[in-house]
Amino acid sequence: MALSISISISISLLLIFLSHFPSSHAEPFIGVNYGQVADNLPPPSETAKLLQSTSIQKVRLYGADPAIIKALAGTGVGIVIGAANGDVPSFASDPNAATQWINSNVLPFYPASKIILITVGNEILMSNDPNLVNQLLPAMQNVQKALEAVSLGGKIKVSTVHSMTVLGSSDPPSTGSFAPGYQTGLKGILQFLSDTGSPFAINPYPFFAYQSDPRPETLSFCLFQPNAGRVDSKTGIKYTNMFDAQVDAVHSALKSMGFEKVEIVVAETGWASRGDANEVGASVDNAKAYNGNLIAHLRSMVGTPLMPGKPVDTYLFALYDENLKPGPSSERAFGLFKTDLSMVYDVGLAKSSSSSQTPSGKVTSSGWCVPKKGATNEELQASLDWACGQGIDCGAIQPGGACFEPNNVASHAAYAMNMYYQKSPKQPTDCDFSKTATVTSQNPSYNSCVYPGGGGGAAGSKAVMNKYVSSDKVEKKNGAIEPNVSSSLSFLLIFLSLIFHV
């Protein structure tokens, strides 16, 4: 009897322990918007196959197209469906209307199609329609009640989407607050989100921030490229990219209203690959840099300065160009893929480019590129994001990869810097990274983590441990110490063995 209890406890402990480590291929924080304002989109079945060939784990629809929802059945892709702004008045005034919507758009497909969130309206607070704004919360509440009536409350969340203009202040990020005119309406919505465990969905666009301030240093800041950074005068925190600054401003706004524990979801963000002559910054190179570096930033798991250690769930805009969208040319040029299913540009979303294989191949250089002594975590994080956004394979430093441990910025940056250097012409400027890197003749490889480079036979040798992994502990940004995975696993196995001997 005692042995049976011990085994049961041991298995429970093991499952709890293992649940903290994600699959090497799972990136549930990366989603994409699937807009349909076009007349040349591929069939939903082809889109479903395309998504399965990528590391995209979630799709946001602006409506509830049954053909798309059905095509995604069995794929495991999380689906966000949307109720239109025009549905809000009927949902608010008639609970049966919300019930019928759930009966038509959820029940025929769930759970085979993994519907995870319903957005009620899109940027309604910006509509300047006070009646519609006042109807939003009752509409959300009735949709929630309709889900609860069919035992789906909590399984499918309910929210609404906001633009960044709901903020009255966003710079510096620590002073983020909602505009006074929206605070009254938002308070009830935020309480609803808090009570139901639903996210606050927001649309930050560094693309538009750059258009309002088109200086070279602003572009680098928006594209996650090496830059001097911007210091929050209230906290002393240095921000190295606009995305983190915008998201942290939203976090501060939520905190100012007493709802800092409400999760933030980035419902839309992206960069146009082309635009009109007066649309500064719209280009393929900039779009590739923004989206690629953003994806690398999310994969680094570093989070934001005010919310460290966890990537923000982010839906890229958009899956395809939408050729019927009105407005300037940029509105029709946010797609990651062409409608023939080929890439507009490569940002490392294909599963083959985000694998956790140890790199191999012919060595052609005579050294390794590594961080300089004294480089700060902020500088190294910016270099890491930039390098991984340049088309190199950073899979080895993603969870489950050969070089993921130790999970700290210095180690990951060293690997990414070197990978970029080895694929470049190997000029001194290719290992500069804003004066934070240098070429070394000492092989930084360790254990099963191989750094390409060195030339001749040196490339085949491995150092036992390099200076970036000299400890079995990982230092977090707040100074706390977290044990290395292998050390923790060894401890757990020893602990289990002692139990089994009882």
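Here are four short exercises, with worked solutions, on the predicted model shown above.

**Exercise 1: the length of a helix**

Work out what span helix α10 (residues 242-256) should have, and check the result against the model.

*Solution.*
- Step 1: Begin with the number of residues in α10, which is 15, and the 1.5 Å allowed for each residue.
- Step 2: The expected span is 1.5 Å times one less than the number of residues, so α10 should cover 21 Å.
- Step 3: Now look at the model: the C-alpha atoms at the two ends of α10 are 21 Å apart, in agreement with the expected value.
- Step 4: Finish with the surroundings of α10. At its N-terminal end Asn241 acts as a cap, with a side-chain oxygen 3.2 Å from the backbone nitrogen of Phe243. Just after the helix comes Gly258, with a positive phi of about 90 degrees.

**Exercise 2: one side of a helix**

Find which residues of helix α5 (residues 95-105) are buried, and explain why they lie on the same side of α5.

*Solution.*
- Step 1: List the buried residues: Ala97, Ala98, Trp101, Ile102 and Asn105.
- Step 2: Look along the axis. These residues take up an arc of only 140 degrees around it, so they sit on the same side of α5.
- Step 3: Ask what covers them. Among the covering elements are α3 (66-71), β3 (78-83), α4 (88-93), β4 (115-122) and α6 (130-149).
- Step 4: Check the start of α5, where a side-chain oxygen of Asp94 comes within 3.0 Å of the backbone nitrogen of Asn96.

**Exercise 3: an aspartate in a loop**

Decide whether Asp430 is buried or exposed, and find its partners.

*Solution.*
- Step 1: Locate Asp430 in the loop that runs between α13 (409-423) and β16 (437-440).
- Step 2: Its relative accessibility is 12%. Buried means under 20%, so Asp430 counts as buried.
- Step 3: Leaving out residues up to four places away in sequence, Asp430 touches Tyr420, Tyr421, Ser424 and Pro425.
- Step 4: With one of these, Ser424, there is a polar contact between side chains, at 3.3 Å.

**Exercise 4: the nonpolar cores**

Describe the largest nonpolar core and say which residues have the most contacts inside it.

*Solution.*
- Step 1: This core has 96 residues, and Ile81, Ile118, Phe178 and Phe200 have the most contacts inside it.
- Step 2: The element that gives the most to this core is α10, with eight residues. That helix is mostly covered, with 13 of its 15 residues buried.
- Step 3: Take Ile81 as an example: its contacts include Leu61, Ile69, Trp101 and Ile118.
- Step 4: A second core, separate from this one, has 29 residues, including Ala375, Trp386, Tyr415 and Cys449.

Note on methods
Residues numbered from 1 in each chain as written. Predicted model: local features only at pLDDT ≥ 70, side-chain atom pairs only at ≥ 80, totals over all residues. Heavy atoms only, no water. Helix = DSSP H or I, 4+ residues; strand = E, 2+ residues; numbered from the N terminus. Buried < 20%, exposed > 50% of the residue type's maximum accessible area, 1.4 Å probe, protein only. Polar contact = N/O pair within 3.5 Å; in protein donor to acceptor, adjacent residues only side chain to side chain. Arc of directions from axis to C-beta. Contact = heavy atoms within 4.5 Å. Core = buried A, V, L, I, M, F, W, Y, C linked by side-chain atoms within 4.5 Å.
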